[in-house]
Amino acid sequence: MNTTRAMTALALGGFGIGTTEFATMGLLPQIAETFGIPDYEAGHAISLYAAGVVVGAPLIAVLGAKLPRKGMLIGLMLAVALGNGLSAAAQDKSLLLIARFVAGLPHGAFFGIAAVVAATLVAPERRGTAVARVMVGLTVANLVGVPLATAAGQQIGWRTAYLAVSVIALITAAAIAAWVPLVPKVEGASMKGEVRAFGRPTVWFAIFTGMIGFGGMFAVYSYVAPLTTEVAGLPGGAVPWILAVFGLGMTLGATFGGRFVDRSVTRSVFGGLIAVTVILVLFGLTASIPVFLFALLFLLGFTIQILAAALQVRLMDASPDAPSLAASSNHSSLNVANGAGAWLGGLAIAAGWGYTSTAWVGVALSVAGLAIAVASVLYERRAFRRETTNQTMAMASAASTTVETQPR
């Protein structure tokens with residue numbers, strides 16, 4: 001088995017998905033111009049894509065509980081090709097929104113199943129690194145794919161970006177078929193077993209941490225194009241470069257962040273949320289200064305990728321008997337954050353508070369996510385103490401019974 005080839009195939013899928021998810025943000029002005037709508041209304045394409053991820057991730061994971069994971073990965077990439085082809089062909093705003101919803105359906109399930117497959121290819125203590133390696137494709141998309149798609153969209157037309165993703169998805173499907181080994185299913189896997197994972201409070205705490213905490217990043221990044229041109233006063237040609245800087249931060253975060261997660265998942269979650277909050281505060285104060293805009297977006301990309309890997313592993317740990325659903329649900333929650341962050345940021349802009357108001361929306365969401373993470377740890381400690389007490393009492397009761405039944 002060639003683990004490197006398998007990881008490369010999975011990362012290539014992440015590259016295509018990452019490009020289609022984030023390229024829309026850089027192409028908002030061109031999409032808005034095509035359909036004669038304002039930027040914040042074109043931002044609904046981002047929200048509808050996120051809605052597709054939210055719906056598709058748990059639904060596909062549950063329905064496919066008994067299916068071979070390799071076959072599911074191939075099918076999901078074919079679905080990515082279809083959704084992006086429809087996006088490129090859309091002739092009015094409504095059709096584009098429907099196409100973006102369809103394109104989002106396979107997103108979370110692909111990353112979730114790919115993370116589970118990657119984790120089975122390495123030693124247990126290197127799961128954080130394996131998950132991060134799968135996510136490298138998404139980060140390279142932000143470093144290379146999204147800036148190129150944005151530049152091509154500005155020069156040729158935004159539809160070319162979605163056509164390119166369709167081609168990448170087809171190549172990925174072929175690579176997975178050739179390079180990814182057959183992975184055994186989880187013993188006793190079933191639709192009922194996958195759904196049962198949602199009955200665990202620890203799973204919901206992890207989901208809501210990502211759902212709320214990640215919204216801070218998306219509130220800002222969704223409007224990175226107008227922030228660059230209208231707030232920092234840079235020309236439109238600077239947008240691909242600012243996207244590349246964010247992508248560089250994500251790529252380095254994925255490359256080195258897995259080591260932090262391997263050492264401590266919990267500390268990586270808390271450290272990530274605190275760092276994002278600080279970065280967004282500084283962003284709100286200094287975004288009009290180009291050098292700070294570039295530097296803070298780099299740091300935001302670096303930090304957010306460590307947080308994403310930590311939340312992924314945390315969910316897999318919370319639901320070991322339903323890893324596909326748990327891992328997919330992470331991307332579902334992050335795309336609730338995507339849609340909510342874009343929507344809330346758009347509300348602040350529409351209210352006349354300016355594009356920098358998105359940073360303060362982001363701070364509020366990051367702090368709320370941190371509060372949920374604290375509540376999760378407190379719950380787990382209380383549950384551990386209760387379980388320990390019950391075990392001690394059971395052992396004492398058993399010992400007492402043994403003494404009473406001994407002959408005298």
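A search of the whole predicted model yields 8 aromatic pairs. In one of these, the ring centres of Phe-110 and Phe-111 lie 6.0 Å apart with the planes at 75 degrees, so the arrangement is edge-to-face. Both partners are shielded from solvent: Phe-110 is buried at 0% relative accessibility, and Phe-111 is buried at 1%. Trp-158 and Tyr-162 likewise form an edge-to-face pair, because their ring planes meet at 75 degrees, with the centres 5.9 Å apart. Trp-158 and Tyr-162 are also buried. In addition, ring pairs join Phe-22, Phe-218, Tyr-221 and Phe-246 into a cluster.

At the surface, Ile-274, Val-278, Leu-282, Leu-285 and Trp-360 make up a nonpolar patch of about 480 Å². The greatest contribution to this patch comes from helix H15 (residues 265-286), which supplies 4 residues. Leu-282 is located in helix H15 and, with a relative accessibility of 39%, is classed as partly exposed because this value falls between the limits of 20% and 50%.

Thr-303 belongs to helix H16, which spans residues 290-318. With a relative accessible area of 11%, Thr-303 is buried, because this value is under 20%. Leaving aside residues up to four places away in sequence, Thr-303 is in contact with Gly-272, Ala-275, Val-276 and Ile-279.

Confidence in the model was also examined. The mean pLDDT of the chain is 86, and 90% of the residues reach a score of at least 70. Helix H5 (residues 69-89) has the highest confidence, at a mean of 96, whereas helix H10 (residues 191-196) has the lowest, at 67.

Technical notes. Residues are numbered from 1 along each chain as its sequence is written. This is a predicted model: local features need pLDDT of at least 70, side-chain atom pairs count only at pLDDT 80 or more; totals for chains, interfaces and linings use all residues. Side-chain values use heavy atoms; hydrogens and water are left out. Helices (H or I, at least four residues) and strands (E, at least two) are DSSP runs, numbered from the N terminus. Buried means under 20% relative accessible area, exposed over 50%, partly exposed in between (1.4 Å probe, protein chains only). Contact means heavy atoms within 4.5 Å. Patches are made of residues with over 30% relative accessible area and no salt bridge: like charges are joined within 9 Å, nonpolar side chains (Val, Leu, Ile, Met, Phe, Trp, Tyr) within 5 Å. Accessible areas come from the Shrake-Rupley method with a 1.4 Å probe; for residues, only the protein chains shown count as cover. A salt bridge is a side-chain nitrogen of Lys or Arg within 4 Å of a carboxyl oxygen of Asp or Glu. pLDDT is the predictor's confidence in each residue, from 0 to 100. Rings of Phe, Tyr and Trp (its six-membered ring) pair if their centres lie within 6.5 Å; planes under 30 degrees apart count as stacked, over 60 as edge-to-face and the rest as tilted.
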